[in-house]
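Visitor: Please take me closely through a single part of this model. I would like one connected account, with the contacts spelled out.

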Amino acid sequence: QVQLVESGGRLVQAGGSLRLSCAASGRAVSTYAMGWFRQAPGKEREFVAAFRRTNGYTYYTDSVKGRFTISRDSAKNTVFLQMNSLKPEDTAVYYCAARNSMTAMTYDYWGQGTQVTVSS
């Protein structure tokens, strides 16, 4: 089993920045197999950022391109989500997820989530 623990969420004003962290423990998992999702109140969970299965390049949902950056520290089994120029519509619970391998299709492991609230 893989355990994922997110941290870094809090209340921030619009235009501000936050950095979320997700630490993986338990069975070994590649940090390339980890990604970020979010779920806003009353909405379905949506993809935010991850590393491509084929080459490890980063990719993002359109609404966060140019503002969010996913990165990783393989030595610490941790991935990060740097969020800049935050908007009220970024308010959501942010979840870290992991696949069994870099090339796997589905995310099988999920963290408990961390709340990000952006005030206008």
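Guide: Start with the disulfide between cysteine 22 and cysteine 96, where the S to S distance is 2.0 Å in this predicted model. A search of the whole structure finds one disulfide. Cysteine 22 sits in strand 3 (residues 18–26) and cysteine 96 in strand 9 (residues 92–99), so the bond ties together parts that are 74 residues apart in sequence. The torsion about the S-S bond is about -80°, so the disulfide is left-handed. Cysteine 22 and cysteine 96 are both buried.

Now move from strand 3 to its partner, strand 8. The two run antiparallel and are joined by six bridges. Within that pairing, alanine 23 has threonine 78 of strand 8 as its bridge partner. Strand 8 covers residues 78–83 and is mostly covered, with five of its six residues buried.

Strand 8 also pairs with strand 7 (residues 68–73). This pairing is antiparallel too, over six bridges. Here isoleucine 70 has leucine 81 of strand 8 as its bridge partner. Strand 7 and strand 8 form a hairpin with four residues between the strands. Asparagine 77 lies in that loop. Its phi is positive, about 50°, although asparagine 77 is not a glycine. At 32% relative accessibility, asparagine 77 counts as partly exposed, because the partly exposed class runs from 20% to 50%.

Next, the core. The largest nonpolar core has 30 residues, and Leu4, Trp36, Leu81, Met83 and Tyr94 touch the most other members. Strand 3, strand 7, strand 8 and strand 9 are among the elements that give two or more residues to this core. Others that do so include strand 1 (2–7), strand 4 (34–39), strand 5 (46–51) and strand 11 (114–119). In soluble globular proteins, nonpolar side chains tend to be buried together.

Take two of those well-connected residues in turn. Tryptophan 36 belongs to strand 4. Its relative accessibility is 0%, so tryptophan 36 counts as buried. A polar atom of the tryptophan 36 side chain lies 3.5 Å from the backbone oxygen of phenylalanine 80. The C-alpha atoms of tryptophan 36 and aspartate 73 are separated by 15 Å, with the two residues 37 apart along the chain.

Methionine 83 is the other. Leaving aside neighbours within four places in sequence, methionine 83 contacts Gly16, Ser17, Leu18 and Leu20, among others. The list for methionine 83 also includes Arg67, Phe68, Tyr94 and Val116.

Past strand 8, follow the chain into the loop that leads to strand 9. Serine 85 is placed in this loop. Serine 85 is not a glycine, yet its phi is positive, near 50°. With a relative accessible area of 41%, serine 85 is partly exposed.

Aspartate 90 is found in the loop between strand 8 and strand 9 as well. At 1% relative accessibility, aspartate 90 counts as buried, because the class covers values under 20%. The aspartate 90 side chain makes a polar contact of 2.7 Å with the side chain of arginine 67. Beyond neighbours within four places in sequence, the residues in contact with aspartate 90 include Arg38, Arg67 and Phe68. Ser85, Val116 and Val118 are also in contact with aspartate 90. Arg67, Phe68 and Val116 appear in the contacts of methionine 83 and also in those of aspartate 90.

Key. Residues are numbered from 1 along each chain as its sequence is written. This is a predicted model: local features need pLDDT of at least 70, side-chain atom pairs count only at pLDDT 80 or more; totals for chains, interfaces and linings use all residues. Side-chain values use heavy atoms; hydrogens and water are left out. A disulfide is a pair of cysteine sulfur atoms within 2.5 Å. Buried means under 20% relative accessible area, exposed over 50%, partly exposed in between (1.4 Å probe, protein chains only). Two strands pair if DSSP finds at least two bridges between them. A nonpolar core is a set of buried Ala, Val, Leu, Ile, Met, Phe, Trp, Tyr and Cys residues joined through side-chain atoms within 4.5 Å. Contact means heavy atoms within 4.5 Å. A polar contact is a pair of N or O atoms within 3.5 Å; within protein, one must be able to donate a hydrogen and the other to accept it, and residues adjacent in sequence count only if both atoms are side-chain atoms.
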